[in-house]
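Here is a friendly walk through a structure you may not have seen before. Take a moment to look it over, and then read on.

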Amino acid sequence: MAGQMIFRHRMSTRVWHWINATVMVVMFMSGLMVFNAHPRLYWGHFGSSHDPAWLELPRFPGWATIPTDYSLALGRLWHFGFAWIFAFGFLAYLMWSLFNGHWRKDVALSRTEVAPSNLWHDIKKHARLDFHSDDTRYNPLQKITYSLVLFGLIPLLIMTGLTMSPGMNAAMPWLVDLFGGRQSARSLHFIAAFGMLAFFFVHIALVMLAGPINEVRSMITGYFRLPDPKA
Amino acid sequence: MSGLITRRGLIGGLGVGSGLLLSGCDRLTKTPGFISLLEKAESGNFAIQRSLIERGALAREFRPEQRSPVFKANGTRMPVGESYARHIAENFANWRLKIDGLVARPQAFSLPQIMAAPQRTQITRHDCVEGWSAIGKWTGVPLKLLLDASGLRDTAKYLVFHCADLYGGAGGRPYYESIDMIDALHPQTIMAWALNDQKVPVGNGAPLRLRVERQLGYKHAKYVERIEAVASLDGIYGGKGGYWEDGHGYQWYAGI
């Protein structure tokens, strides 16, 4: 029969997870609407239809954007409204996770975990689609991915977003230097957004493979059922 | 358990989910209360930017070799109508920049008068709301000098820039924009008559355009023929302070 139930996710993680899941979808889809106004990307300080683009795409279709019908003004309104929840929700979660030890105990990698032999073992385990861990903790690849999202993609999205604001450029000129120009920041913002989309799909796929009901329940109630030790 | 999750079910589920999400979002977009909530967040963005950005904080200025090879012209590129055509034919010799409204001494400056005033030259980045940027060198008279000459009254809270173009051509509506006094008195806010050491081309707003460097391109009114100092934007065209603000839902504050 089923294994033992353990408490796996504390309240702050669960609340932020679901708020952020909703906000990320809105940010991504309204972001595609904003992108549609000029679907070309450049490196450097400037870039317009007279300059060579490193990426030029057709407009994203209505089913992928918020709102469905083309409206740059409404897309911006959604994007900049939800940006508050995105940025301050992330900040609150991050501070709280650093403060309550969540980061140190559950996400940070130990030296033995990042040892090549251990990582190789974990890669092989993932390749066999074996997610049935009898360990209550995250596996090394999972920790690396969460760290990249928490300290890479999300801060990059927030900071490149701020860099695109001409007002913020006047207040914090170092931001635009950090990314090598406003158009570089716009390109990085786009790349990071698609990095988040990739994370989203891999995350959903792994939840499905690892047992969706148990995984989703653990993110709602906090309780996770360990695999049957006798199985 | 996971045997219940078929691939078809999964793809179908995702499709239905995103369809529900989208129709939900579109319904929210049509809900006035939700839009006004988002607009409150946008006022929050305005308030936080105004508090973070020092009044006199300058927009980045660039070196000459950092300019765009071609400075993109957008929006109206050739105002329609006999009046503007005559100004082109006359090389703008009879163009006047009127300053009126809440001023002690209404003015009508000719271009030679404007060029004879102390000038400011700045190489700045122009950011369109659409997402593109172009860097160009602008020369013009600081707006503050024109306002000082006009005796701006304390009751004036906004400047309204009336332009010579009907947006969208014949049958279009007059383009206009407005800024508050923080931007009006900012050292980089100029009425520019030169772009990259040439007279401003017609496509970029000849003979005079506003430069308000800490905001997006639609604030930078082109073909400016009148600056009106007002206490409130109520009753000026649609009351929201600009062509795009009135008709297309763009925000009056365009620092983001």
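The paragraphs below go from confidence to the two chains, then to their interface, a helix, the cores and one residue.

Keep in mind from the start that this is a predicted model. The predictor gives the complex an ipTM of 0.91, together with a pTM of 0.93. For chain B, the pLDDT averages 93, and 93% of the residues score at least 70. A word of general caution goes with such scores: where pLDDT is low, the predicted coordinates should not be read in detail.

Let us begin with chain A. You will find 9 helices and 4 strands in it. Following the sequence from start to end, the elements come in the order β-α-β-β-α-α-α-α-α-α-α-α-β. The C-alpha trace of chain A spans about 65 × 40 × 35 Å along its principal axes. Of the 231 residues in chain A, 27% are buried. Among contacts in chain A with a separation of 6 or more, 71% join residues that are 24 or more positions apart.

Now turn to chain B, which has 7 helices and 10 strands. Its C-alpha trace covers about 80 × 40 × 40 Å along the principal axes. Chain B has 256 residues, and 39% of them are buried. Here, residues 24 or more positions apart make up 66% of the contacts with a separation of 6 or more.

How do the chains meet? At the interface, 38 residues of chain A are in contact with 45 residues of chain B. On the chain A side, α2 (72-99), α6 (166-171), α7 (173-179), α8 (182-210) and α9 (212-220) each supply at least two residues. The largest share of that side, 8 residues, comes from α2(A). By type, the chain A residues that touch chain B divide into 22 nonpolar, 13 polar and 3 charged.

Since α2(A) gives so much to the interface side of chain A, let us follow this helix along its length. The helix has 28 residues, so at 1.5 Å a residue it should span 40 Å, and its end C-alpha atoms are indeed 40 Å apart. Along the way, α2(A) bends by about 25° at Phe82(A). After the helix comes Gly101(A), which has a positive phi, near 90°.

Next, look inside. In soluble globular proteins, nonpolar side chains tend to be buried together. In this model, the largest nonpolar core has 69 residues, and those with the most contacts inside it are Leu97(B), Leu159(B), Phe161(B), Cys163(B), Met191(B) and Val224(B). The helix α2(A) turns up again here, giving the most to this core with 8 residues. Setting aside neighbours within four places in sequence, Met191(B) is in contact with several residues, including Leu97(B), Ile114(B), Leu208(B) and Val224(B). A second, separate core has 8 residues, among them Ile154(A), Met164(A), Val176(A) and Ala193(A).

Finally, pick out Asn45(B), which sits in helix α2 (residues 32-52) of chain B. Is Asn45(B) buried or exposed? Asn45(B) has 20 C-beta neighbours inside 10 Å, so it counts as buried. Beyond its neighbours within four places in sequence, Asn45(B) is in contact with Phe80(A) and Ile256(B). The C-alpha atoms of Asn45(B) and Gly255(B) are separated by 9.0 Å, although these residues are 210 residues apart along the chain.

Conventions
Residues are numbered from 1 along each chain as its sequence is written. Chains are lettered from A and ligands numbered from 1 in the order in which they are written. Two residues are in contact if their C-beta atoms, placed from the backbone, lie within 7 Å. Ala, Val, Leu, Ile, Met, Phe, Trp, Tyr, Cys and Pro count as nonpolar, Asp, Glu, Lys and Arg as charged, and the others, Gly among them, as polar. A residue is buried if 20 or more other C-beta atoms lie within 10 Å of its own, exposed if 12 or fewer, and partly exposed in between; C-beta atoms are placed from the backbone. The expected span of a helix is 1.5 Å times one less than its number of residues. The bend at a residue is the angle between axes fitted to the seven residues ending there and the seven starting there. pLDDT is the predictor's confidence in each residue, from 0 to 100. A nonpolar core is a set of buried Ala, Val, Leu, Ile, Met, Phe, Trp, Tyr and Cys residues joined through C-beta atoms within 7 Å.
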